[in-house]
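Okay, thanks for making time, everyone. Let me put the structure up and then walk you through a few places in it.

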Amino acid sequence: MIGPDVAGIAERLGLAADTATATGQLAAETGLDVDAAYAVQTALLRRRLDRGERLVGLKMGLTSRAKMAQVGVDEVIWGRLTDVMRVPDGGTVDVGAYIHPRVEPEVAFLLDRLPAPGEPIGDFSEAVRAVAPAIELIDSRYADFTFSLPDVIADNTSAASFVIGPWSPVPDGLENLGVLLEIDGRVAQVGSTAAILGDPRRALDEGIRLAGRHGVRLREGWVFLAGAATAAVPLRPGAHVRAVVEKLGTATLRASS
């Protein structure tokens with residue numbers, strides 16, 4: 001039996017992202033399963049690297065129990081981050097470059113020396129050099145922001161752009177820090193880092209394990225987005241976004257009008 005056309009699916013998703021034009025779901029049409037979806041994600045990354053982008057980190061998805069239940073899975077997913085996706089703290093993004101952008105507050109880790117896949121992290125402070133508040137801008141390339149699990153994995157877990165706030169030492173109580181997402185000075189979402197697998201440090205264990213299944217080893221100096229602490233909020237033209245994480249500070253982003 002012939003498997004899914006990995007290169008063709010990657011090209012279709014890449015073109016959708018490049019032109020900010022939604023495409024239909026692909027998994028049901030192409031027979032895409034989870035393993036093949038990660039192969040598509042790798043092909044999408046290669047497409048980016050071939051045009052000069054650099055791989056700078058990983059991001060986690062479906063790290064809240066509510067999101068897992070919503071899509072009927074019991075395992076988180078992961079995607080790739082490149083240098084072109086990074087927006088300076090306080091920077092501006094062109095909303096016209098996305099299909100249906102949404103923002104969510106996250107916790108970012110700056111990675112240090114890491115164990116090989118399959119080995120326990122041991123001392124978290126040795127694996128993570130610093131932590132920061134972050135904003136992830138997600139943008140599914142699928143029409144109506146609807147998709148199956150293989151669809152979203154193939155689409156690099158809806159990764160689009162990200163902002164990292166100031167780095168600081170890992171604080172005590174990382175597993176239950178208050179989180180706010182503000183839009184134009186008004187609170188849009190309230191949450192806690194506990195929403196990230198109960199403790200965002202667990203996301204790093206999962207990232208090492210899951211990426212290792214596909215031959216990817218996390219590297220020193222990479223950025224690691226542990227997952228969203230609240231639901232995502234649509235990003236409107238002209239909006240000013242501020243993520244606040246207790247003890248960590250803020251990260252900000254502005255949308256073009």
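I'll take the aromatic rings, then the strands, then a helix, and end on two single residues.

Quick housekeeping first. What you see is a predicted model, where local features need pLDDT of at least 70 and side-chain atom pairs count only at pLDDT 80 or more, while totals for chains, interfaces and linings use all residues. Residues are numbered from 1 along each chain as its sequence is written, and side-chain values use heavy atoms, with hydrogens and water left out.

So, rings. We pair rings of Phe, Tyr and Trp (its six-membered ring) if the centres lie within 6.5 Å, and we call planes under 30 degrees apart stacked, over 60 edge-to-face, and the rest tilted. That rule gives 4 aromatic pairs here. Take Phe-109 and Phe-224: their centres are 6.2 Å apart and their planes sit at 0°, so this one is stacked. The pair ties distant parts of the chain together, with Phe-109 in strand S5 and Phe-224 in strand S10, 115 residues apart. Helices and strands, by the way, are DSSP runs numbered from the N terminus, with H or I of at least four residues for a helix and E of at least two for a strand. Both of those Phe residues are buried, and buried means under 20% relative accessible area, with exposed over 50% and partly exposed in between (1.4 Å probe, protein chains only).

Next, Tyr-142 and Phe-147. Their ring centres are 6.3 Å apart and the planes are at 50°, so that pair is tilted. Tyr-142 is buried at 0% relative accessible area, whereas Phe-147 is partly exposed at 25%. Ring pairs join Tyr-142, Phe-145 and Phe-147 into a cluster. And Arg-102 lies over the face of Phe-145, 3.9 Å from the ring centre; the rule for a charge over a ring is NZ of Lys or CZ of Arg within 6 Å of the ring centre and within 35 degrees of the ring normal.

Back to S10, where that stacked Phe-224 sits. How many of the residues of S10 are buried? It's 6 of 6, so to speak a mostly covered strand. S10 pairs with S5 in the antiparallel sense over 4 bridges, and two strands count as paired if DSSP finds at least two bridges between them. Phe-109 and Phe-224 turn out to be bridge partners there. S1 pairs with S10 too, in the parallel sense over 3 bridges, and Leu-58 stands opposite Phe-224.

Now for another sheet. Five strands, in the order S4-S13-S12-S8-S9, form an open sheet with mixed pairing. Its edge strands are S4 (92-93) and S9 (186-192), each pairing on one side only. S4 runs parallel to S13, joined by 2 bridges, with Val-93 opposite Ala-255. S12 (240-245) and S13 (249-255) are antiparallel over 6 bridges. Along that pairing, Arg-242 partners Thr-252, and Val-245 stands opposite Gly-249. The hairpin has 3 residues between the strands, and Lys-247 takes a positive phi near 75°.

On to helix H7, residues 200-213. Its 14 residues reach 21 Å from first C-alpha to last, close to the 20 Å expected; the expected span is 1.5 Å times one less than the number of residues. Buried residues in H7 include Ala-203, Leu-204, Gly-207, Ile-208 and Ala-211. What covers the buried residues of H7 includes S1, S5 and S10, the strands we just met. After H7 comes Gly-215, with a positive phi near 75°.

Last, two single residues. Val-40 is in helix H3 (34-50) and is buried, with 0% relative accessible area. Leaving aside neighbours within four places in sequence, it contacts Val-6, Ile-9, Ala-10, Leu-13, Leu-32 and Ala-154, where contact means heavy atoms within 4.5 Å. Asn-156 is 116 residues from Val-40 in sequence, yet 8.6 Å away, C-alpha to C-alpha.

Then Ser-161, in strand S7 (159-164). Is Ser-161 buried or exposed? Buried, at 7% relative accessibility. Not counting residues up to four places away, Ser-161 touches residues including Met-85, Val-87 and Tyr-98. With Tyr-98, the side chains make a polar contact of 2.7 Å. That's all from me.

Methods: Polar contact = N/O pair within 3.5 Å; in protein donor to acceptor, adjacent residues only side chain to side chain.
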